[in-house]
Amino acid sequence: MSNSIAQLVLFSWPLVVYILFQRLPLREALVWSIVAGYLILPTRTGFDLPVLPPVDKTLVPSLAAAIMCFGLVFKRRILEAQQAKMGGAILDQKLKSLDVGAFEPKRGTRLFWALMIFLFSTPILTAMQNGETLIVGTRSIQGMSLYDAMSMNSTLLVQIIPFLLARRFLSSEEDHKALLKILVIACLAYSLLALYEVRMSPQLNRKVYGFFPHSWSQHLRGDGFRPIVFLQHGLWLSIFICYAVIAAFSLSKAGDAKDRNPAVWVLAGIWLFGVLFLTKSLGAFALAVLIVPVVVIFGRKIRLLIAAFFAIVVILYPIARGADVVPVDTVFNIAESINPSRARSFYARVYNEDILLEKANEKPLTGWGIWS
């Protein structure tokens with residue numbers, strides 16, 4: 001159970017978001033609100049409401065940032081209306097200081113809305129196809145209803161709020177650079193906490209928030225520790241550091257004549273790469289080893305093609321696994337040659353994938369929904 005400090009930090013975060021939006025431009029405030037909330041706020045803290053999504057570290061930063069962003073949009077529209085009627089240098093100055101960014105999608109609008117409709121209609125179809133009560137041994141699992149579909153849709157909406165905010169307010173190249181810079185800066189600060197836990201064991205979450213967020217045994221690695229800081233699991237931390245490594249090397253190539261200073265970002269990337277190695281997560285480390293050379297060597301078009309290839313692989317992976325075309329034995333042999341314990345971990349995941357795929361194939365169109 002979390003302590004009172006965890007509750008205080010979570011429910012005071014909207015005040016932090018408000019201060020960020022008062023002190024920083026919108027795009028920086030937006031990114032810091034969500035990234036810092038992800039890194040700092042406690043897991044397993046909050047409360048659950050009927051139909052509505054849980055009020056936790058996923059909802060609080062995103063919702064607070066959304067309210068602030070669209071509050072500023074509304075304020076700018078009022079000023080623009082006043083400017084059209086009265087004019088004046090004071091209003092001009094206020095409008096310039098209240099930059100909410102331009103948003104004019106050039107392509108893909110119809111596809112975007114089609115995907116949104118598809119996303120939010122699938123829980124309804126899932127609920128319709130899972131209305132029966134399941135009897136598993138002595139356990140009875142109730143069927144799903146429209147209530148459950150609405151609950152799933154509310155959870156989906158919370159999960160994509162950061163994406164929707166980024167689509168509206170972080171759509172320019174300068175916005176993308178700001179996002180990458182904040183990721184790197186946040187991770188540089190966070191890396192000090194991660195290194196502390198590498199040496200002293202993952203104790204920060206317990207000391208600050210009063211609980212350990214996952215299984216302790218999964219964070220013992222050889223004669224050392226896998227850090228977790230305030231995230232859900234050490235793997236989450238390793239993946240975040242991997243993102244930051246890629247972001248740092250991307251920034252080393254993305255500057256312009258005014259602000260280009262590749263050495264700073266290269267040094268940041270090297271530091272974070274070393275921290276990533278010390279987190280003892282082979283998967284995240286392998287991703288960084290694979291992707292950083294692509295970022296450094298190839299141009300934008302090639303990088304986009306490679307990114308599209310990986311996206312297709314992720315989307316088609318369940319189908320490929322079901323068709324038994326993924327070379328899991330080869331990957332297992334490679335993992336075993338590197339570290340036998342990592343190979344056993346990989347095998348356990350593959351074994352569970354087989355069980356899940358067998359179950360999923362019983363309802364391949366709409367899935368099994370919630371309620372276990």
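This is a short tutorial dialogue on reading helix faces, helix packing and backbone angles in a predicted model.

User: Let's start with a single helix. Why do residues three or four places apart point the same way in an α-helix?

Analyst: An α-helix has 3.6 residues a turn, so residues at that spacing end up facing in one direction. Helix 2, residues 13-23, is a good place to try this out: W13, V17, L20 and F21 are buried there. These four cover an arc of only 95° around the axis, which puts them on the same side of helix 2.

User: Which residues are exposed on the other side of helix 2?

Analyst: L15 and R23 are exposed there.

User: And what do the buried residues of helix 2 pack against?

Analyst: They pack against three helices: helix 1 (4-11), helix 3 (26-40) and helix 4 (59-86).

User: Now for pairs of helices. What describes two packed helices?

Analyst: Two quantities do: the angle between their axes and the distance between the axes. Take helix 11 (residues 262-278) and helix 12 (residues 282-297), which pack at about 150° with axes 9 Å apart. That angle makes helix 11 roughly antiparallel to helix 12, and helix 11 passes helix 12 in a left-handed crossing.

User: Which residues of helix 11 and helix 12 meet?

Analyst: From helix 11 come F273, L276 and F277, and they meet A284, F285, A288 and V289 of helix 12. Sorted by class, this contact has 7 nonpolar residues, with no polar and no charged ones.

User: May I have a second pair to practise on? At what angle do helix 14 and helix 15 cross?

Analyst: Their axes cross at roughly 155° and come within 6 Å, helix 15 being residues 340-360. Helix 14 and helix 15 are therefore roughly antiparallel to each other. Helix 14 brings V328, V331, F332, A335, E336 and I338 to the contact, while helix 15 brings P340, A343, F346, Y347 and V350. By class, there are 10 nonpolar, no polar and 1 charged residues in the contact of helix 14 with helix 15.

User: Let's turn to the backbone. What sign of phi do most residues other than glycine have?

Analyst: Most of them have a negative phi. Here, S201 has a positive phi of about 90° although it is not a glycine. You will find S201 in the loop between helix 8 (173-200) and helix 9 (204-209). D324 also has a positive phi, of about 60°, and is not a glycine either. D324 sits in the loop between helix 13 (300-322) and helix 14 (328-338).

User: Is S201 buried or exposed? And is D324 buried or exposed?

Analyst: S201 is buried, with a relative accessible area of 6%, whereas D324 is exposed at 60%.

User: How do I read the surroundings of a single residue, say T43 in the loop between helix 3 and helix 4?

Analyst: Look at accessibility, then at contacts. T43 counts as buried because its relative accessibility is 10%, below the 20% cut-off. Leaving out residues up to four places away in sequence, T43 touches K57, F211, P213, F230, L231 and Q232.

User: What would the same reading give for H176 in helix 8?

Analyst: H176 counts as partly exposed, at 39% relative accessibility. With residues up to four places away in sequence left out, H176 touches L170 and S171. H176 and R303 lie 127 residues apart in sequence and 16 Å apart in space, C-alpha to C-alpha.

Definitions and conventions. Residues are numbered from 1 along each chain as its sequence is written. This is a predicted model: local features need pLDDT of at least 70, side-chain atom pairs count only at pLDDT 80 or more; totals for chains, interfaces and linings use all residues. Side-chain values use heavy atoms; hydrogens and water are left out. Buried means under 20% relative accessible area, exposed over 50%, partly exposed in between (1.4 Å probe, protein chains only). Helices (H or I, at least four residues) and strands (E, at least two) are DSSP runs, numbered from the N terminus. The arc is that of the directions from the helix axis to the C-beta atoms. Contact means heavy atoms within 4.5 Å. Axes are lines fitted to C-alpha atoms, for helices over the stretch in contact, and angles run from 0 to 180 degrees between N-to-C directions. Angles under 35 degrees count as roughly parallel, over 145 as roughly antiparallel, 65 to 115 as roughly perpendicular and the rest as oblique. A crossing is left-handed if the near helix is turned anticlockwise from the far one by less than a right angle, and right-handed if clockwise. Ala, Val, Leu, Ile, Met, Phe, Trp, Tyr, Cys and Pro count as nonpolar, Asp, Glu, Lys and Arg as charged, and the others, Gly among them, as polar.
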